[in-house]
Amino acid sequence: MKKQVVAIVGILAATAIMIYLAALYGNRNRFDYLKDLDKTVFTLDGTDYQLRDMTYYIARQEMEIEKQAMVYWGLHTNGKFVRLEAKRAVLDRVVHDMMFYEAAKKEGIELDEKEQQYAKDSASDLCYDLSDEQKERAGLTDEEIYEMTDKAALAEKYQKILADKEGENFGAYDYNGKAYEKMLEEHKLKVKKKFWDKVPFGNVTLNHKFEDQEDEN
C-alpha cells in the first residue's frame with residue numbers, strides 16, 4: 001500500500017512539473033505585439049530593422065485588403081492564402097524600401113516639393129483611415145506614419161531613377177521584380193523567420209478572429 005501511495009505521489013508530482021513547464025514555455029512564446037515592437041525582424045547589410053519599422057507597412061496592407069474585399073479575411077483556405085501572401089509582401093516591401101531608401105540617402109537624393117506634398121497627402125489619408133484604437137493596437141503614431149511615408153516615397157523615387165539609368169521598366173525594380181531580385185543577391189539579408197511568423201497579420205490594426213491563426217504563427 002505504501003509503495004502504491006509513493007508511486008501515485010510520484011506520478012502527480014511529475015504531472016505537475018510537466019504542466020508547469022508547458023505553461024512556462026507557452027508564456028515565453030506568447031506573442032505580445034506592443035512589447036515586441038523593438039525586436040529585430042531582419043538585418044540588412046549590418047543594419048537591424050525592428051517590428052516597429054514594419055508596422056506602417058502592416059497597417060497600410062491591412063487597410064488596403066480591408067477596403068478591397070471583406071471576403072479576403074474569411075476563414076477558408078483562400079482567405080488564409082491571401083493573408084500569408086500579403087504578409088510575405090509586407091516583409092519583401094520593407095526590405096526593398098529600406099535598401100532603396102538608404103541608397104537614395106547615400107547618393108544625396110531628396111524629394112522635391114511636389115513629391116513631399118504627395119507623400120504628406122498619402123500619410124494624411126492613412127492617419128485618417130486608422131482610428132485611434134487601431135493606432136494604439138499597432139503602437140503606431142501619426143509622426144511615424146508621416147516619417148515612414150517619406151521613406152517609402154524616397155525609395156520609390158530611387159527605384160524610378162535606377163530603372164531609368166539601367167534602361168529597365170519601373171516594375172523590374174519593384175519588390176518582386178527580376179532586376180531587383182538579382183540586385184538583392186548582392187546584399188546581405190538575414191530574416192528572423194520564427195519571430196516574423198508569429199506576427200498576427202490581419203489582426204494588428206484590425207480585430208478579426210481567424211480560426212487558422214494558430215497554424216500560421
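Student: Before we count anything, what counts as a helix or a strand here?

Tutor: Happy to start there, and keep in mind that this is a predicted model. Both kinds of element are DSSP runs, numbered from the N terminus. A helix is a run of H or I with at least four residues, and a strand is a run of E with at least two.

Student: With that settled, how many helices and strands are there in the chain?

Tutor: Read along the sequence, the elements follow the pattern α-β-β-α-α-α-α-α-α-β-α-α. Counting by type, the chain has nine helices and three strands.

Student: Which element gives the largest share of the largest nonpolar core?

Tutor: That core has 54 residues, and Phe42, Leu51, Met54, Ile58, Phe100, Tyr173 and Trp196 have the most contacts inside it. Among the elements that give two or more residues to this core are strand E1 (40–44), helix H2 (51–68) and helix H3 (77–106). The largest share is 11 residues, and the element giving it is H3.

Student: Let's turn to charges. How many residues apart in sequence are the parts that Asp38 and Arg52 tie together?

Tutor: The side chains of Asp38 and Arg52 meet in a salt bridge, 3.1 Å from N to O. Asp38 lies in the loop between helix H1 (2–29) and E1, while Arg52 is in helix H2, so the parts tied together are 14 residues apart.

Student: Is Asp38 buried or exposed?

Tutor: Exposed means over 50% relative accessible area. Its partner Arg52, at 31%, is partly exposed. Asp38 has 55% relative accessibility, so Asp38 counts as exposed.

Student: Which residue is linked with Asp38 and Arg52 in a network of salt bridges?

Tutor: The structure holds 10 salt bridges, and the Asp38 and Arg52 pair is one that we have already met. The network links this pair with Glu144.

Student: What separates Lys105 and Glu102 along helix H3?

Tutor: Their side chains meet in a salt bridge, 3.8 Å from N to O. Lys105 is partly exposed at 44%, and Glu102 is partly exposed at 35%. Because they are three residues apart in helix H3, the separation is about one helical turn.

Student: Where is Glu185, one of the residues of the negative surface patch?

Tutor: The patch is formed by Asp92, Glu181, Glu185 and Glu186. Glu185 has 66% relative accessibility and therefore counts as exposed. Its place is the loop between helix H7 (178–184) and strand E3 (189–191).

Notes. Residues numbered from 1 in each chain as written. Predicted model: local features only at pLDDT ≥ 70, side-chain atom pairs only at ≥ 80, totals over all residues. Heavy atoms only, no water. Patch = residues over 30% accessible without salt bridge, like charges linked within 9 Å, V, L, I, M, F, W, Y side chains within 5 Å. Areas by Shrake-Rupley, 256 points an atom, 1.4 Å probe, with all protein chains shown as cover. Salt bridge = Lys/Arg side-chain N within 4 Å of Asp/Glu carboxyl O. Lys, Arg positive; Asp, Glu negative; His and termini not counted. Charge placed at Lys NZ, Arg CZ, Asp CG, Glu CD. Buried < 20%, exposed > 50% of the residue type's maximum accessible area, 1.4 Å probe, protein only. Core = buried A, V, L, I, M, F, W, Y, C linked by side-chain atoms within 4.5 Å.
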